[in-house]
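Trainee: I'm new to this one. Can we go through its pockets and its ligand, and can you tell me how each label is earned?

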Amino acid sequence: MAKILVIPGDGIGQEIVAEAVKVLSALQKEGAIALEMDTGLLGGCAVDATGDPYPEETQRKARAADAVLLGAVGGPKWDNLPRPQRPERGLLGIRKDLNLFANLRPAVVYPQLANASTLKADVVAGLDILIVRELTGDIYFGEPRGIETRAVNGKQERVGFNTMIYSESEIRRIAKVAFDAARKRNKRVCSVDKMNVLETTQLWRDVVIETAKEYPDVELSHMLVDNAAMQLVRNPKQFDVIVTGNMFGDILSDEASMLTGSIGMLPSASLDEHGKGMYEPIHGSAPDIAGKNLANPLATILSTAMLLRYSLNNEAAAQRVEAAVSRVLDAGVRTADIWEAGMKKVGTREMGDAVVAAL
Ligand code: NAD
């Protein structure tokens with residue numbers, strides 16, 4: 001029986017995770033999946049309860065689980081705490097602790113919501129791409145780093161510096177995640193780098209090309225990051241899987257998510273080397289709408305589909321959840337963030353109920 005740690009977190013986290021749990025429980029009830037669910041604290045609520053954004057009890061439960069389902073953390077209440085106690089430290093802490101090095105972010109535009117994008121509907125309708133971002137290396141973690149006073153052109157001034165660094169093994173393991181994911185999709189990988197100016201990314205390109213030899217059935221292409229940023233807006237449907245480093249991935253995955261125009265619809269997965277993962281919506285804790293039954297729970301519900309696919313290897317159950325979401329959209333059921341004239345406006349709980357009914 002798979003062990004799932006459920007972490008609602010802060011703000012709308014409680015509300016959206018409750019709906020995702022409803023969906024998992026419905027599948028469990030009919031015998032489609034077998035789960036043992038426990039809950040844990042992370043972020044601001046964990047600071048309030050224990051003084052630590054990633055308390056020891058959560059650490060223990062997270063390490064023992066096969067997968068973690070997370071809502072969101074953070075909010076104005078905790079913005080002025082010292083850095084080690086900030087809610088986002090809890091998030092960074094759990095990612096690091098569980099060795100989650102691969103971040104998978106699908107950007108899918110449901111035809112029913114194509115008008116929500118700021119791009120023309122025909123550019124994005126039917127879009128289905130997956131961005132695979134390396135999460136534990138690159139300039140965000142490289143040493144040396146810092147701000148110090150140095151002589152520049154004979155004058156003392158402050159200088160800021162960071163180090164972009166990737167090892168061969170780090171590149172190879174993220175490339176494998178991308179090729180494996182492409183095999184379950186349209187079998188195309190585009191690797192994004194800046195090899196014309198950065199040696200680190202020259203190595204990136206070399207190692208991706210070497211790794212591709214193990215995947216003769218997957219087509220590999222390369223693109224410089226500046227061009228990739230442009231192509232994502234010009235013709236996003238040309239891509240299937242995009243694989244890139246931590247910094248480029250940070251920027252490109254946010255750009256790609258906005259192609260869809262609906263932040264409340266986008267799930268994500270962060271995986272370790274053995275398929276254990278943490279699953280969460282890409283949006284934050286939305287304090288402006290927390291506690292009002294207004295939040296869209298679909299990103300979190302779609303995160304459970306990723307959990308079923310990647311950590312539980314249950315493709316059939318994953319597809320059922322995704323199909324149920326699509327059917328609910330077909331029926332014109334909408335939370336406020338994706339509502340259009342003529343559609344049926346519902347709250348967080350009613351949206352969760354609609355997905356369970358569609359299952
Ligand atoms: P946010 O994603 O929480 O909200 C941005 C906007 O989108 C808000 O107007 C919000 O109401 C709306 N929105 C977000 N999710 C929605 C949903 N499911 N349904 C309907 N509308 C939704 O980003 P923010 O306002 O920049 O950050 C708020 C807090 O969340 C901050 O404390 C931030 O640090 C934290 N945050 C957490 C995570 C995370 O836990 N992974 C990610 C981003 C931000």
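Trainee: What volume does the largest pocket have?

Mentor: The largest pocket comes to about 780 Å³. Keep in mind that this is a predicted model.

Trainee: What makes a residue part of the lining of the largest pocket, and how many residues line it?

Mentor: A lining residue has an atom within 4 Å of a pocket point. The largest pocket has 33 residues in its lining, and Leu91, Leu92, Arg95, Arg133 and Leu135 are the ones nearest its centre. Several elements each give two or more residues to that lining, including β3 (67–72), α4 (87–97) and β12 (277–281). The top contributor is α9, with 5 residues.

Trainee: How do you sort the lining of the largest pocket into nonpolar, polar and charged?

Mentor: By residue type. Leu counts as nonpolar and Arg as charged, so Leu91 goes into the nonpolar group and Arg95 into the charged one. Over the whole lining, that sorting gives 14 nonpolar, 10 polar and 9 charged residues.

Trainee: And the second largest pocket: how many residues line it, and which lie nearest its centre?

Mentor: There are 23 in that lining, with Val108, Asp128, Arg185, Arg309 and Glu322 nearest the centre. The space in this second largest pocket is about 510 Å³. Its lining splits into 13 nonpolar, 3 polar and 7 charged residues. Here α10 gives the most, with 4 residues.

Trainee: On to the ligand. Which residues around it come nearest?

Mentor: Val73, Gly284, Ala286, Asp288 and Asn296, out of 19 residues around the ligand. To be counted there, a residue needs a heavy atom within 4 Å. That shell holds 9 nonpolar, 7 polar and 3 charged residues.

Trainee: Why is the pair between His283 and the ligand called a polar contact?

Mentor: The cut-off is a pair of N or O atoms within 3.5 Å. A polar side-chain atom of His283 is 3.1 Å from a nitrogen atom of the ligand, so the pair qualifies as a polar contact.

Trainee: What makes Gly75 and Ser285 pass that test?

Mentor: Their backbones do. A backbone N or O atom of Gly75 sits 3.0 Å from a ligand oxygen atom, and for Ser285 a backbone N or O atom is 3.1 Å from an oxygen atom of the ligand. Both distances are within 3.5 Å, so both pairs are polar contacts.

Trainee: How much of the ligand does the protein bury?

Mentor: The protein buries 66% of the 800 Å² that the ligand exposes when taken alone.

Note on methods:
Residues numbered from 1 in each chain as written. Predicted model: local features only at pLDDT ≥ 70, side-chain atom pairs only at ≥ 80, totals over all residues. Heavy atoms only, no water. 1 Å grid on protein atoms, 1.4 Å probe; cavity = no way out; pocket = protein on both sides within 12 Å on 5 of 7 lines; lining within 4 Å. Points joined across faces, edges and corners; volume = space filled by probe spheres on them. Polar contact = N/O pair within 3.5 Å; in protein donor to acceptor, adjacent residues only side chain to side chain. Areas by Shrake-Rupley, 256 points an atom, 1.4 Å probe, with all protein chains shown as cover.
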